[in-house]
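Here are my notes for a first look at this model. Please read them with the structure open beside you.

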Amino acid sequence: MARAASKTSAARSSSTKKGAAGAAVQAPKPPKPEDFDKEQELHAYREMLLIRRFEEKAGQLYGMGLIGGFCHLYIGQEAVVVGMQMSMKEGDQVITGYRDHGHMLATGMEARGVMAELTGRRNGYSKGKGGSMHMFSKEKKFYGGHGIVGAQVPLGTGLAFANRYRGDDSVSITYFGDGAANQGQVYESFNMASLWKLPVVYIIENNRYAMGTAVARSSAETDFSHRGLSFKIPGIQVDGMDVRAVKAAGDLAVEWCRSGKGPIILEMQTYRYRGHSMSDPAKYRSKDEVQKMRSEHDPIEQVKQRLVAKKWADEDALKAIDKEVRDIVGDSAEFAQTDPEPDVSELYTDILL
């Protein structure tokens, strides 16, 4: 009898929790991706290709010893940041972690300045003193680039607090990964953002392996869109390899925030083709797995196929876009190798005591 009573009590408790969660979090219905028009497809193709070619070149320069320290490439995840930028408007802010070159380029920061910072040159975005993980642009509303795992989440929440304090309708787009999703400061931020109904879109870029451990081995809850439920923050899972799906979810999320409903989580299910950083051989996954993602789900190839199928661009037109992008990236690499290094006096500037 005691066992039966215990089971009944547990069942009641479970039912109550589910009911409470359902009542507390009215998650919006996941939007269906809408077809892009020709202009949108071409824009997405060019922007993602720019990130891809830039990161490939950064990898080459790192291998040549021209980029030092850490270097985390964004290859494979391009649809996430490009789709989100298509949903944003002037005044919205972006903040992210250390896999950040793609975010910089998507916000409109110049390839020359990003590559020069990677090589430690004086015309880099942080005067050659920050490197890969520490670049900022007040003009483009890009607030880093942060090397400490999860550190950008409370900062992004602070940006949202400032938006509400000023009374404007700007939204903070705060990116972090599946590994950072287990950090304590993330949940402290969730709590405050929910309490104060802050306009922040938390984007969890789930590339499945964090630093090198599969999410199933490191996370008790692998559906990251559920991570905000105990704080009454709704979440949506998104195909992060399809730029159309990202934009559709982004449109919904920014409107959710602008209408005063508070924070929302978008879990972008994506995939990085390279290791965690340039020093990571990625032996924790098979080459066949990576090749399967490349051949079946590549975000750039999907757009290319649609452009050709709809006769919006032929191979020559696409090659012309690729050449334009390669010229920009090539110019940035040449600039980054010839731009002078910072003067020694710069060691003593921009220091806060």
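1. A term to begin with: buried means under 20% relative accessible area, and exposed means over 50%. The model is a predicted one. Start with helix H11, residues 299–309. Its buried residues are Pro299, Ile300, Gln302, Val303, Arg306 and Leu307. Seen down the axis of H11, they fall within an arc of 160°, so they line one face of the helix.

2. What does that face of H11 pack against? The buried residues of H11 pack against five helices, namely H2 (38–63), H3 (78–87), H9 (243–258), H10 (287–297) and H12 (315–338). Keep H3 and H9 in mind for the sheet below.

3. Look at the ends of H11 too. Asp298 caps the N-terminal end of H11. A side-chain oxygen of Asp298 lies 3.1 Å from the backbone nitrogen of Ile300. Just after H11 comes Lys311, with a positive phi of about 60°.

4. Now the sheet. It is open and has 5 strands, in the order E1-E2-E3-E5-E4. The pairing is parallel. Strands of a sheet pair through backbone hydrogen bonds. Which strands stand at the edges? They are E1 (93–95) and E4 (235–239). Each has a single partner strand, so one side of each is left without a neighbour in the sheet. From one strand to the next, the twist averages 20°.

5. Take the pairings one at a time. E1 and E2 run parallel and are joined by 3 bridges. Here Gln93 stands opposite Ser172 in E2. E2 and E3 also run parallel, with 6 bridges between them. In that pairing, Tyr175 has Ile203 in E3 as its bridge partner. Strand E3 (residues 200–206) is joined by 6 bridges to strand E5 (residues 264–269), and these two run parallel. Glu205 has Met268 in E5 as its bridge partner.

6. Two helices from point 2 return here. H3 packs on the sheet and touches E1, strand E2 (172–177), E3 and E5. The direction of H3 makes about 170° with that of E2. H9 packs on the sheet as well, touching E2, E3, E4 and E5. The direction of H9 makes about 170° with that of E5.

7. Is strand E2 enclosed or open? Of its 6 residues, 5 are buried, so E2 is largely enclosed by the rest of the structure. One residue of E2 to pick out is Phe176. Phe176 is buried, at a relative accessible area of 3%.

8. Follow the rings from there. The structure holds 11 aromatic pairs. Phe176 and Phe190 make a tilted pair, 6.5 Å centre to centre with 55° between the planes. Phe176 lies in strand E2 and Phe190 in helix H7 (residues 184–195), so the pair ties together parts 14 residues apart in sequence. Phe190 counts as buried, with 0% relative accessibility.

9. Phe176 also pairs with Tyr202. Their ring centres are 6.4 Å apart and their planes stand at 75°, so the pair is edge-to-face; the cut-off for that class is over 60 degrees. This pair links distant parts of the chain, with Phe176 in strand E2 and Tyr202 in strand E3, 26 residues apart. Tyr202 counts as buried, at 0% relative accessibility. Which residues make up the aromatic cluster? Phe176, Tyr187, Phe190, Tyr202 and Phe231 form one cluster.

10. Gln152 is another residue to inspect. Gln152 is found in helix H6. Is Gln152 buried or exposed? Its relative accessible area is 3%, so Gln152 is buried. Leaving aside neighbours within four places in sequence, Gln152 is in contact with Ile95, Thr96, Gly97, His146, Thr174, Tyr175 and Phe176. The Phe176 of points 7 to 9 is thus among the contacts of Gln152.

11. Finish with Glu139. Glu139 lies in the loop between helix H5 (111–118) and helix H6 (152–166). Glu139 is exposed, with a relative accessible area of 66%. How many residues separate Glu139 from Thr107 in sequence? They are 32 residues apart in sequence, and 9.9 Å apart in space, C-alpha to C-alpha.

Key
Residues are numbered from 1 along each chain as its sequence is written. This is a predicted model: local features need pLDDT of at least 70, side-chain atom pairs count only at pLDDT 80 or more; totals for chains, interfaces and linings use all residues. Side-chain values use heavy atoms; hydrogens and water are left out. Buried means under 20% relative accessible area, exposed over 50%, partly exposed in between (1.4 Å probe, protein chains only). Helices (H or I, at least four residues) and strands (E, at least two) are DSSP runs, numbered from the N terminus. The arc is that of the directions from the helix axis to the C-beta atoms. Contact means heavy atoms within 4.5 Å. A polar contact is a pair of N or O atoms within 3.5 Å; within protein, one must be able to donate a hydrogen and the other to accept it, and residues adjacent in sequence count only if both atoms are side-chain atoms. Two strands pair if DSSP finds at least two bridges between them. Axes are lines fitted to C-alpha atoms, for helices over the stretch in contact, and angles run from 0 to 180 degrees between N-to-C directions. Rings of Phe, Tyr and Trp (its six-membered ring) pair if their centres lie within 6.5 Å; planes under 30 degrees apart count as stacked, over 60 as edge-to-face and the rest as tilted.
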